[in-house]
Amino acid sequence: MTRTILITGGSRGLGRACALHLARTESAHLILLGRDAAALAEAATAVRKAGGTAETHEADVTDRTRLAAVAKDLGPVDGLLAAAAISGMTPVDGDSDAFFDQILAADLAGPWNTVRAFLPHMGPGGRIVLVASVLGRFGVPGYGAYCAAKHGVHGLAKALALELIDRGIVVNAVAPGWVDTDMAQTGLRQIAAATGQTEAQTRAQAEAAVPVKRFFQPEEIAHGIAWLLDPANTMQVGQCLNLDGGVIQV
């Protein structure tokens, strides 16, 4: 039976990579949500070429009314991946209040909004994965909002896992490290500007801090996420799977 997987942030980065992986490996039907109609259309075309089927919906995960409208006409959903997120520096001494609120709205309230909207369409056997980060394991100067949001995602996954397990729905999170995405490139530029280094120097330092000494491709992270979305995963519940090349070893 073809599974239906809903992915927020499905037009780029980890969301897109996971959609393509699921299309290739199980010919899944992907429901892709995102804010960029053109990027969503391109991702849907790639999914179909990879062997899956796709539908797209323009939606911002901070917009509960829009999410409810998308959910209204959907059929059953077997899996949900909350991958939509934004990042950036929010130094405590800077003019960061508005951006701090935006990050928490997208990165912490966003997964909550998504689960709330689409949970009525998920029955026993459903799988939910929230994308956190290694920055949800430790702090980084200047990234207070992002660290706080991703720490919160860990807690949200734990609470939802216990709340939903009696319905036969398994919830987990993932904590990727440095992944070659547009978000990572933006982060490198910001850190380089803040420290007076070149982007190449900043990347070299970041890679040196990873035991395997490199960044990862989104496709590599998709393998771990796909396992958590697999109905065969019956024992990993309320966990946060580190996909970081050895940075976190707990």
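This is a short tour of a predicted model, with a few stops to select in your viewer.

**Stop 1: two packed helices**

Start by selecting helix H3, residues 64–72, together with helix H4, residues 97–118. Two packed helices are described by the angle between their axes and the distance between the axes. Here the angle is about 30 degrees and the axes are 9 Å apart. Turn the view until one helix lies in front of the other, and you can follow H3 as it passes H4 in a right-handed crossing.

Now show the side chains where the helices meet. From H3, pick Arg64, Leu67, Ala68, Val70 and Ala71. From H4, add Trp112, Asn113, Thr114, Ala117 and Phe118. How do the residues of this contact divide into nonpolar, polar and charged? Seven are nonpolar, two are polar and one is charged.

**Stop 2: Asn113**

Stay with H4 and centre on Asn113, which belongs to this helix. Is Asn113 buried or exposed? Its relative accessibility is 5%, so Asn113 counts as buried. Setting aside residues up to four places away in sequence, select what Asn113 touches: Val61, Thr62, Arg64 and Leu67. You have already met Arg64 and Leu67 as part of the H3 side of the helix contact.

**Stop 3: Val77**

Next, move on to Val77, in the loop between H3 and strand E4 (79–82). With a relative accessibility of 3%, Val77 counts as buried. Which residues is Val77 in contact with, leaving aside neighbours within four places in sequence? Select Thr4, Leu6, Ile31, His121 and Met122 to see them. For a distance to try in the viewer, draw a line between the C-alpha atoms of Val77 and His29: they are separated by 9.7 Å, although the two residues are 48 residues apart along the chain.

**Stop 4: an aromatic pair**

Select Trp178 and Phe215 and display their rings. A pair of aromatic rings is described by the distance of the centres and the angle of the planes. In this pair the centres are 4.9 Å apart and the planes meet at 5 degrees. Planes under 30 degrees apart count as stacked, so the Trp178 and Phe215 pair is stacked.

The pair joins distant parts of the chain, 37 residues apart. Trp178 sits in the loop between strand E6 (170–176) and helix H6 (182–195), while Phe215 sits in the loop between helix H7 (199–208) and helix H8 (218–229). Colour them by accessibility if you like: Trp178 counts as partly exposed at 27%, and Phe215 counts as buried at 4%.

Before leaving, add Arg203 to the selection. Arg203 lies over the face of Phe215, at 4.1 Å from the ring centre.

**Stop 5: two backbone angles**

Most residues other than glycine have a negative phi, and most peptide bonds are trans. Keep that in mind as you select Lys213, in the loop between H7 and H8. The phi of Lys213 is positive, near 65 degrees. Then jump to Ser27, in the loop between helix H1 (13–26) and strand E2 (29–34). Ser27 also has a positive phi, near 50 degrees, and counts as partly exposed at 38% relative accessibility.

**Stop 6: across the model**

Finish at Gly196, in the loop between H6 and H7. At 68% relative accessibility, Gly196 counts as exposed. How far apart in space are Gly196 and Ala23, C-alpha to C-alpha? The distance is 43 Å, for residues 173 apart in sequence.

Notes:
Residues are numbered from 1 along each chain as its sequence is written. This is a predicted model: local features need pLDDT of at least 70, side-chain atom pairs count only at pLDDT 80 or more; totals for chains, interfaces and linings use all residues. Side-chain values use heavy atoms; hydrogens and water are left out. Axes are lines fitted to C-alpha atoms, for helices over the stretch in contact, and angles run from 0 to 180 degrees between N-to-C directions. Helices (H or I, at least four residues) and strands (E, at least two) are DSSP runs, numbered from the N terminus. A crossing is left-handed if the near helix is turned anticlockwise from the far one by less than a right angle, and right-handed if clockwise. Contact means heavy atoms within 4.5 Å. Ala, Val, Leu, Ile, Met, Phe, Trp, Tyr, Cys and Pro count as nonpolar, Asp, Glu, Lys and Arg as charged, and the others, Gly among them, as polar. Rings of Phe, Tyr and Trp (its six-membered ring) pair if their centres lie within 6.5 Å; planes under 30 degrees apart count as stacked, over 60 as edge-to-face and the rest as tilted. Buried means under 20% relative accessible area, exposed over 50%, partly exposed in between (1.4 Å probe, protein chains only). A charge sits over a ring if NZ of Lys or CZ of Arg is within 6 Å of the ring centre and within 35 degrees of the ring normal.
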